Amino acid sequence: MAIFSCLARSGQFSARFGALLNNPALLQARKHALTGTRPMSGGHGPKNFTITPSRFQWHKFKDLFHYYVMIGLIPVGAVVFYANVFVGPATLTETPEDYTPKHWEYHRHPITRFIARYILPNPQQEYEKILHHIYEENEKAQIRALEKEVRAKMADRNDYQSYYYRPAIGKYHRVAKEAAENLEALRGD
């Protein structure tokens, strides 16, 4: 019975306030809220302003994209065009006997030569760095092998680690010896 009384109360509520909800002003406001338009000029005519989400981020993205295309892509395209049309690829020629070519002179395209000369490191320098790295790793391996051998000898002979020697200063040793001799002389036998 409690359920039916609740339904009856809601029916009475909708009957009382149904007339308020069917008010023409509220219906028009509800229509404008659903369509996303706003009446302009005080509602005297069909002039409507359609409410849409902001497109600020899209326009900002387009502006920045065009800006960076203009500032980056166009100059790079001009340099590539100039290098291909006016400079052109390198040609093979005989080299003099006393001349050794530089590492960037082995590339054909002028842009590749520029990158090899000013941006990338010298291949000979890279090779020597790799050789130095291999040398350092070899030295570390030899030190590790020597340490392993030392640990094995220490384990065989029941020895202990003694990595450093702290020398005694002779001056203070002589002073201490003289003081001990003086005390011995005073004390006697």
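**Exposure, helices and a pocket in a predicted model**

Colleague: Does leucine 120 count as buried, partly exposed or exposed, and what is its relative accessibility?

Modeller: Buried is under 20% relative accessible area, exposed is over 50%, and partly exposed lies in between (1.4 Å probe, protein chains only). Leucine 120 therefore counts as partly exposed, its relative accessibility being 48%.

Colleague: On what basis are such values given?

Modeller: Residues are numbered from 1 along each chain as its sequence is written, and side-chain values use heavy atoms, without hydrogens or water. The model is predicted, so that local features need pLDDT of at least 70 and side-chain atom pairs pLDDT 80 or more, while totals for chains, interfaces and linings use all residues.

Colleague: In which loop is leucine 120 placed, and which loop holds proline 121?

Modeller: Helices (DSSP H or I, at least four residues) and strands (E, at least two) are numbered from the N terminus. Proline 121 is partly exposed because its relative accessible area is 41%. Leucine 120 sits in the loop between helix 4 and helix 5, and proline 121 likewise belongs to the loop between helix 4 and helix 5.

Colleague: What C-alpha distance separates leucine 120 from tryptophan 104, and what distance separates proline 121 from histidine 103?

Modeller: Leucine 120 and tryptophan 104 are 16 residues apart in sequence, with their C-alpha atoms 9.6 Å apart. For proline 121 and histidine 103, 18 residues apart in sequence, the C-alpha distance is 9.8 Å.

Colleague: What is the pattern of helices and strands along the sequence?

Modeller: The protein contains six helices and two strands. Of its 189 residues, 5% are buried. Read along the sequence, the pattern is α-α-β-β-α-α-α-α.

Colleague: How far does helix 5 reach from its first C-alpha to its last?

Modeller: At the start of helix 5, a side-chain oxygen of asparagine 122 comes to within 3.2 Å of the backbone nitrogen of glutamine 124. After the helix comes asparagine 158, with a positive phi near 55 degrees. Helix 5 covers residues 123-157, 35 residues in number, and its reach is close to the expected span (1.5 Å times one less than its number of residues). Its reach is 51 Å.

Colleague: Which residues does alanine 90 contact, leaving aside neighbours within four places in sequence?

Modeller: Alanine 90 lies in the loop between helix 3 (56-87) and helix 4 (110-118). Its C-alpha is 7.3 Å from that of proline 110, 20 residues away in sequence. It counts as partly exposed because its relative accessibility is 30%. Its contacts (heavy atoms within 4.5 Å), with those neighbours left aside, are His107, Arg108 and Arg113.

Technical notes. Polar contact = N/O pair within 3.5 Å; in protein donor to acceptor, adjacent residues only side chain to side chain.
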